[in-house]
Amino acid sequence: MSELRGVIVSHAAVADALVAAVAAITGIRDALVAISNEGCGNDALAERLRDAVGAGPAVLFVDLPGGSCLTSAARYAKHHADVAVVTGVNLAMLLDFVFHRDVAPADAARRAVDAGAKAIRVTAA
Amino acid sequence: MSLALYRIDDRLIHGQVVVGWGQPLDVAFIVLVDDEVRESEWEQDLYRMGVPPQIDVIFASVAEAVARLDEWERDRRVGILLVGDLDTAEALVAQSNGIRRFNVGGIHHRAGRSERLRYVYLTDDEASRLKRLAGRGVEITAQDVPSARPIPLGEFT
């Protein structure tokens, strides 16, 4: 099975910043691609998605569970069986994802959600 | 209260609408007027995902919107009416007598369009059509978020 690509779809420069943070922490630079919806209507964002995903399987990491990033990602995944979508992207889930990309997209998506959720907590004062 | 905002935005329901406008206006309902979305449960579910549960989302065809416009204008709650394209805006204005303003919130790049504002791209024909709408008594301004200055039609066409 070919390794998954992660595509982060976000508002403004959130995706770029997350890719940079993953590279800074792990040294892995070829697992993630960033897309911004800046200046995009639905057609332009769909084109950016097509270019970013390429031919291989992928997980699309979207910033919010609604809005233009999600609608474009969900429409893309609807027509591509080897693409899964995760919302609420955070750094913790991406750090886990880049080391576990030899699984099916749906499995990687579930694992990412678990890793991301575990990172959200209230710390002791 | 009535419909506080009539907006043309090709992204339809998204962050600027739900949060950017929805929070300061204390919006209780969003009317999405689009014939294609009205026919697709899948698309409707997708758009609902971006809206908190306390805000009602009404999906309407152009014909349904024309029939219910007075009802929404009389609603005590604050609402936003969204269309995704100029065709729908023109149809609503032509078939109803109640629309006096449209906010251009996002018409993005496509082949043949040129940049008029950072978030408004128009062909010359589309610019002319907006002017014709204005000629029918519809005040048209461009404004992506409430904190931005409403830009009169003459400044971007």
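Which pattern does chain A follow when it is read along the sequence? In this predicted model, chain A runs as β-α-β-α-β-α-β-α-α from one end of the sequence to the other, and its secondary structure amounts to five helices and four strands.

**Overall dimensions of chain A**

The radius of gyration of chain A is 14 Å, which agrees with the value near 14 Å that a compact globule of 125 residues would have. Measures along the principal axes add to this description, since the C-alpha trace of chain A spans about 45 × 35 × 25 Å. Of the 125 residues in the chain, 46% count as buried, and the accessible surface of chain A comes to about 6000 Å², with 57% of that area belonging to carbon and sulfur atoms. When contacts in chain A between residues at least 6 apart in sequence are considered, 68% of them join residues at least 24 apart. As for charge, chain A carries 11 positive and 13 negative side chains, and the centres of these two sets lie 4 Å apart.

**Cysteines**

Over all chains, the structure holds zero disulfides. Cys40(A) is in no disulfide, and the nearest cysteine sulfur to it, that of Cys69(A), is 8.8 Å away; Cys69(A) is likewise in no disulfide, with the sulfur of Cys40(A) as its nearest cysteine sulfur. Because a disulfide requires the two sulfur atoms to be within 2.5 Å, the separation of 8.8 Å rules out such a bond between Cys40(A) and Cys69(A). Cys40(A) counts as buried at 2% relative accessibility, and Cys69(A) is buried too, with a relative accessible area of 0%.

**Residues with positive phi**

Ala12(A), a residue other than glycine, has a positive phi near 45 degrees, and its place is in the loop between β1 (5-10) and α1 (14-26) of chain A. With a relative accessible area of 43%, Ala12(A) is partly exposed. In chain B, Asp26(B) is also a residue other than glycine with a positive phi, here near 55 degrees, and Asp26(B) lies in the loop between α1 (15-25) and β2 (29-33). Its relative accessible area of 61% makes Asp26(B) exposed.

**Two buried residues of chain B**

Gln44(B) is found in helix α3 (residues 41-48) of chain B, where it is buried with a relative accessible area of 4%. Not counting residues up to four places away in sequence, Gln44(B) touches Val37(B), Arg38(B), Glu39(B) and Phe59(B).

Thr141(B), in turn, belongs to strand β8 (residues 139-142) of chain B and is buried, with a relative accessible area of 17%; this value counts as buried because the cut-off is under 20%. Apart from neighbours within four places in sequence, the contacts of Thr141(B) include Phe102(B), Asn103(B) and Val104(B), as well as Pro150(B), Ile151(B), Pro152(B) and Phe156(B). From C-alpha to C-alpha, Thr141(B) and Leu25(B) are 18 Å apart in space, while 116 residues separate them in sequence.

The relative accessible areas of the residues discussed here are brought together below.

| Residue | Relative accessible area | Class |
|---|---|---|
| Cys40(A) | 2% | buried |
| Cys69(A) | 0% | buried |
| Ala12(A) | 43% | partly exposed |
| Asp26(B) | 61% | exposed |
| Gln44(B) | 4% | buried |
| Thr141(B) | 17% | buried |

Conventions. Residues numbered from 1 in each chain as written. Chains lettered and ligands numbered in written order. Predicted model: local features only at pLDDT ≥ 70, side-chain atom pairs only at ≥ 80, totals over all residues. Heavy atoms only, no water. Rg over C-alpha atoms; globule rule 2.2 N^0.38 Å. Buried < 20%, exposed > 50% of the residue type's maximum accessible area, 1.4 Å probe, protein only. Contact = heavy atoms within 4.5 Å. Areas by Shrake-Rupley, 256 points an atom, 1.4 Å probe, with all protein chains shown as cover. Lys, Arg positive; Asp, Glu negative; His and termini not counted. Charge placed at Lys NZ, Arg CZ, Asp CG, Glu CD.
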